[in-house]
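Let's work through a structure together by asking and answering. Keep the view open as you read.

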Amino acid sequence: MRIDLGTGTPGELTPVAGAERGLVLVPDLMGLRPLFDAHAARLAAEQGWTVCAPQVFPGREHLTAEERMAAVCELVDDEVRADVLAAADATECETVVIAGFCMGGMYAIKAAATGRFHRAAAFYGMIRLPERWKGPGQGEPLELLAAGSPCPLLAIIGTEDPFTPPDDVAALAAAGAQVVSYEGADHGFVHDPVRPAHRPDDAVDAWNRVVEFLSQ
């Protein structure tokens, strides 16, 4: 169901009565849509977690994919982090984990050192800001990790993903993240079956690894 988070940003909340674990699910660049409603419902049903997914471009849901790519540099970490933390609060669970995809995966990395999350998983999240995404409100994911005491972090990576080049992946591993790489996989190979990059077998394996990791 759609709710307004404590920040006023819309979110999708799938509550589970008596849930002992909450999950914040940060969407990709295109934000909340039926795809993420379905992911939230499935994870809640299968894992017994209360799931909350925040909108990533609140008030600008009309933007096209290209417009969103150009507008990431305008996002402000403090505001996105506030939405993510509000989504964690909306689960009403003491133990909360976080997972994100693409741009949302980048924000999962950025959230790992906030102290709010028990574990974090990033599906092909940007490890360093792409040049066109740099802006006054955007911090570097690796620097934000280093500035705090990050929770355990799992990164799902495709070896052919231009957004996560090998040097960046190596730097993330050196920062303490557990990295699982899928040979030959391109960006976005897990979460959206209509993408040309989707790899069904690898997607099942990646989902299973992330759920197992977040369950610990």
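What follows is a short exchange between a student and a tutor about this predicted model.

Student: Is strand 4 buried or exposed?
Tutor: Strand 4 covers residues 50-54. Thr50, Cys52 and Pro54 point one way, while Val51 and Ala53 point the other way. Five of the five residues are buried, so the rest of the structure largely encloses the strand. The answer is buried.

Student: Which residue of strand 4 stands opposite threonine 14?
Tutor: Strand 2, residues 10-14, pairs with strand 4 in the antiparallel sense over four bridges. Strand 3, residues 21-26, pairs with strand 4 in the parallel sense over three bridges. Leucine 23 has its bridge partner in strand 4 at valine 51. Threonine 14 also stands opposite valine 51.

Student: Which hand does the β-α-β unit of strand 3, helix 1 and strand 4 have?
Tutor: Strand 3 and strand 4 pair in the parallel sense. Helix 1, residues 34-47, belongs to the unit along with these two strands. The unit is right-handed.

Student: How far apart are the end C-alpha atoms of helix 7?
Tutor: Helix 7 has 16 residues, 200-215. At 1.5 Å a residue, the helix should span 22 Å. The computed distance agrees: 22 Å.

Student: Within what arc do the buried residues of helix 7 fall?
Tutor: The buried residues are Asp202, Ala203, Ala206, Trp207, Val210, Val211, Phe213 and Leu214. Seen down the axis of helix 7, they line one face, because they fall within a limited arc. The face turned away carries the exposed residues Asp201, Asn208 and Glu212. The arc is 160°.

Student: Which strands do the buried residues of helix 7 pack against?
Tutor: Helix 1 is one of the packing partners. The strands on the list are strand 3, strand 5 (95-101), strand 6 (120-123), strand 7 (153-158) and strand 8 (178-182).

Student: How many disulfides does the structure hold?
Tutor: Take cysteine 52, which is buried at a relative accessible area of 0%. The closest cysteine sulfur is in cysteine 93, 11 Å away, too far for a bond. Cysteine 151 is buried too, at 11%, and its closest cysteine sulfur, again in cysteine 93, is 16 Å away. The number of disulfides is zero.

Student: Which residues does threonine 164 touch, not counting those up to four places away in sequence?
Tutor: Threonine 164 sits in the loop between strand 7 and helix 6 (166-174). At 2% relative accessibility, it counts as buried. The residues it touches are Tyr124, Gly125, Ile127, Ile157, Gly158 and Val169.

Student: How many residues of helix 4 are buried?
Tutor: Helix 4 covers residues 103-111. Among the buried residues are Met103, Tyr107 and Lys110. The helix is largely enclosed by the rest of the structure, so the count is nine of the nine.

Student: What is the phi of cysteine 102?
Tutor: Most residues other than glycine have a negative phi. Cysteine 102 lies in the loop between strand 5 and helix 4, and is buried at 4% relative accessibility. Its phi is positive, although it is not a glycine: about 55°.

Student: Is glutamate 92 buried or exposed?
Tutor: Glutamate 92 lies in the loop between helix 3 (77-90) and strand 5. Its phi is positive as well, near 60°. The relative accessibility of glutamate 92 is 74%, and the cut-off for exposed is over 50%. The residue therefore counts as exposed.

Notes
Residues are numbered from 1 along each chain as its sequence is written. This is a predicted model: local features need pLDDT of at least 70, side-chain atom pairs count only at pLDDT 80 or more; totals for chains, interfaces and linings use all residues. Side-chain values use heavy atoms; hydrogens and water are left out. Buried means under 20% relative accessible area, exposed over 50%, partly exposed in between (1.4 Å probe, protein chains only). Two strands pair if DSSP finds at least two bridges between them. A crossover is right-handed if, with the strands pointing away from the viewer, the path from the first strand over the helix to the second runs clockwise. The expected span of a helix is 1.5 Å times one less than its number of residues. The arc is that of the directions from the helix axis to the C-beta atoms. Contact means heavy atoms within 4.5 Å. A disulfide is a pair of cysteine sulfur atoms within 2.5 Å.
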